[in-house]
Amino acid sequence: MSSSPSLSMKLWGVRGSTPTPGQTTLRYGGETTCFEVRAGDDAILIDCGSGARNLGVALHAAPPRALDLFFTHTHLDHICGLPFFSPAYDDRFEITAWAGHFPDRAGLVDIICRIMSPPIFPVAANKLRAVSFRNFRAGDTVARDGPITLRSVALNHPGGATGYRLEHGGKSICIITDHEHGDPEVDRAVRRFVQDADVMIYDAMYTDAEYPRFVGWGHSTWEKGVELALEAGVRQPVLFHHDPRRSDDELDAIGEAAAARHPGVLVAREGMVLTP
Ligand SMILES: [Zn+2]
Ligand SMILES: [Zn+2]
């Protein structure tokens, strides 16, 4: 008798704000946010940043019949890969796209229609034949088909953003991006939400030293991520949403400093597969 398939997540893009190719970002990668979470045939994608183009190529090798795509929010670095995500145009796929930061489904549809309309982009959004759009409210547990359960929490970010907790087989992965610490009520809710998680992806765009120049920009620091992980008993915090200016060598140094405070820390790297 085979055991149930285990939870895993592949990171297809780890950079914040804008794609950042170049010599100084080769090792950690320059693509923006895109995650693929799996338990056997069940697949949940989180965000469609520029990393989604490569994910689309990989999915075409063995198309799952249906998959859910959850947006953390709709800033450009989290949606810019959708027009280049080939499964969206292929009706062998059945993609349900969800967002939790709009009052209704029309909010998400409107954003996608805006970025996919000539002359911004030559192909109109109605050519996304495989995609249907749904809405939920950040904070809800979303009822979906498939064994992975998904809960959500509202984050502190301009225009709103949604954090996720995905669970299967006693394992858990939390995704906390894009998020700025400092709102006591939201911070409390996030701490409860990530309690005892195996993996926590965290918005570590800045350092504590840089942060005073970026208050209100909607992002946090690696130090705050590590602090949260220690308080909430998170086994493996993963520093994520790297600032476009951050070089590979700087990320190495941040990783070392963070690991001295929490032995489970990882610095997110494009192509990394996490198996909690
Ligand atoms: Zn972002
Ligand atoms: Zn954002």
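Here are a few questions and answers about this predicted model.

Q: How many helices and strands are there in the protein?
A: Happily, both kinds of element turn up in this predicted model. The protein has 6 helices and 13 strands.

Q: What is the radius of gyration of the protein, and why can the protein be called as compact as a globular protein of its length?
A: For 276 residues the globule rule gives 19 Å, and the radius of gyration is close to that, so the protein is as compact as a globular protein of that length. Along the principal axes, the C-alpha trace spans about 55 × 50 × 35 Å. The radius of gyration is 18 Å.

Q: Is Gly-271 buried or partly exposed?
A: Let's place Gly-271 before deciding: the residue lies in the loop between β12 (266-267) and β13 (273-274). A buried residue needs 20 or more other C-beta atoms within 10 Å. Gly-271 has 14, so Gly-271 is partly exposed.

Q: Which residues is Gly-271 in contact with, leaving aside its neighbours within four places in sequence?
A: The chain brings Gly-271 to a C-alpha separation of 7.7 Å from Gly-13, although their positions lie 258 residues apart along the chain. With neighbours within four places left aside, the contacts of Gly-271 are Leu-11 and Gly-29.

Q: Which residues touch the most other members of the largest nonpolar core?
A: Nonpolar side chains tend to be buried together in soluble globular proteins. Here the largest nonpolar core holds 79 residues. Met-200 touches residues including Ile-176, Val-194 and Val-238, not counting those up to four places away in sequence. The members touching the most others are Cys-174, Met-200, Ile-201 and Leu-239.

Key:
Residues are numbered from 1 along each chain as its sequence is written. Chains are lettered from A and ligands numbered from 1 in the order in which they are written. This is a predicted model: local features need pLDDT of at least 70, side-chain atom pairs count only at pLDDT 80 or more; totals for chains, interfaces and linings use all residues. Helices (H or I, at least four residues) and strands (E, at least two) are DSSP runs, numbered from the N terminus. The radius of gyration is taken over C-alpha atoms; the globule rule is 2.2 Å times the number of residues to the power 0.38. A residue is buried if 20 or more other C-beta atoms lie within 10 Å of its own, exposed if 12 or fewer, and partly exposed in between; C-beta atoms are placed from the backbone. Two residues are in contact if their C-beta atoms, placed from the backbone, lie within 7 Å. A nonpolar core is a set of buried Ala, Val, Leu, Ile, Met, Phe, Trp, Tyr and Cys residues joined through C-beta atoms within 7 Å.
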